[in-house]
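Colleague: Could you take me through this model step by step, with the reasoning behind each answer?

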Amino acid sequence: MFKKFTQFELEEEGVSLKTPRRIFCGRCDALITDAGRATSIGGRHTHRRTNPANVEFAFRCFTEAPGCRRRGAPTFEHTWFPGNAWCFLTCAGCGVHLGWHFHGDRNFCALIIERLRYESCS
């Protein structure tokens, strides 16, 4: 059901993944994506950035997050990845803000670590 992936996905955090993991919304448990969709942006899967309101976010990058909905018009204002416009991502189940979708030469989703729940698949 989930595609196989290489070891790079979460090794930055010291987590060795041997089977794909499903990733859920931390509020409503809706399925958001899976670790097989993890991707590296700028040489890293995990990033920390601070927004203009001085709120710091730790997030992981994924090629897709089918359990999310894009909100708002894409903008280049205050982008964390030069050349990429962004819009908000919310949970399709409960509507909580889960991260951002970046549009550019390479499209990707940045999902806020603390707002997700991880589960191993059998």
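Modeller: Before we start, a residue is called buried under 20% relative accessible area, exposed over 50%, and partly exposed in between. Please also bear in mind that this is a predicted model.

Colleague: With those cut-offs, is Asp29 buried, exposed or partly exposed?

Modeller: Asp29 lies in the loop between β1 (21-25) and β2 (31-34), where its phi is near 70 degrees, a positive value in a residue other than glycine. Its relative accessible area is 42%. Since buried means under 20% and exposed over 50%, Asp29 is partly exposed.

Colleague: Which residue meets the side chain of Asp29 in a salt bridge?

Modeller: The partner belongs to strand β9, 88 residues apart from Asp29 in its loop between β1 and β2, and the pair thereby links distant parts of the chain. This partner is itself partly exposed, with a relative accessible area of 31%. The N to O distance in the salt bridge is 2.8 Å, and the residue is Arg117.

Colleague: Which residues do salt bridges that share partners join into one network?

Modeller: One salt bridge, at 2.2 Å from N to O, brings together the side chains of Arg22 and Glu119. Arg22 lies in strand β1 and Glu119 in strand β9 (residues 116-120), so this pair ties together parts that are 97 residues apart in sequence. Another salt bridge is that of Asp29 with Arg117. Through shared partners, the network comprises Arg22, Asp29, Arg117 and Glu119.

Colleague: Is Asn54 buried or exposed?

Modeller: Asn54 sits in the loop between β3 (46-50) and β4 (56-62), and it has a positive phi of about 70 degrees although it is not a glycine. Its relative accessible area is 64%, and because exposed means over 50%, Asn54 is exposed.

Colleague: Turning to the interior, which elements give two or more residues to the largest nonpolar core?

Modeller: This core has 15 residues, and those that touch the most other members are Cys25, Ile32, Ala65, Cys68, Cys91, Leu98 and Leu111. Leu98, for its part, touches residues including Cys25, Ile32, Cys68, Cys91 and Leu111. The elements that give two or more residues to the core are β1, β6 (85-91) and β8 (108-112).

Colleague: How many strands does the protein chain have?

Modeller: Read along the sequence, the chain follows the pattern β-β-β-β-β-β-β-β-β. With zero helices in the chain, the count of strands is nine.

Terms used
Residues are numbered from 1 along each chain as its sequence is written. This is a predicted model: local features need pLDDT of at least 70, side-chain atom pairs count only at pLDDT 80 or more; totals for chains, interfaces and linings use all residues. Side-chain values use heavy atoms; hydrogens and water are left out. Helices (H or I, at least four residues) and strands (E, at least two) are DSSP runs, numbered from the N terminus. Buried means under 20% relative accessible area, exposed over 50%, partly exposed in between (1.4 Å probe, protein chains only). A nonpolar core is a set of buried Ala, Val, Leu, Ile, Met, Phe, Trp, Tyr and Cys residues joined through side-chain atoms within 4.5 Å. Contact means heavy atoms within 4.5 Å. A salt bridge is a side-chain nitrogen of Lys or Arg within 4 Å of a carboxyl oxygen of Asp or Glu. Lists of a residue's contacts leave out its neighbours within four places in sequence.
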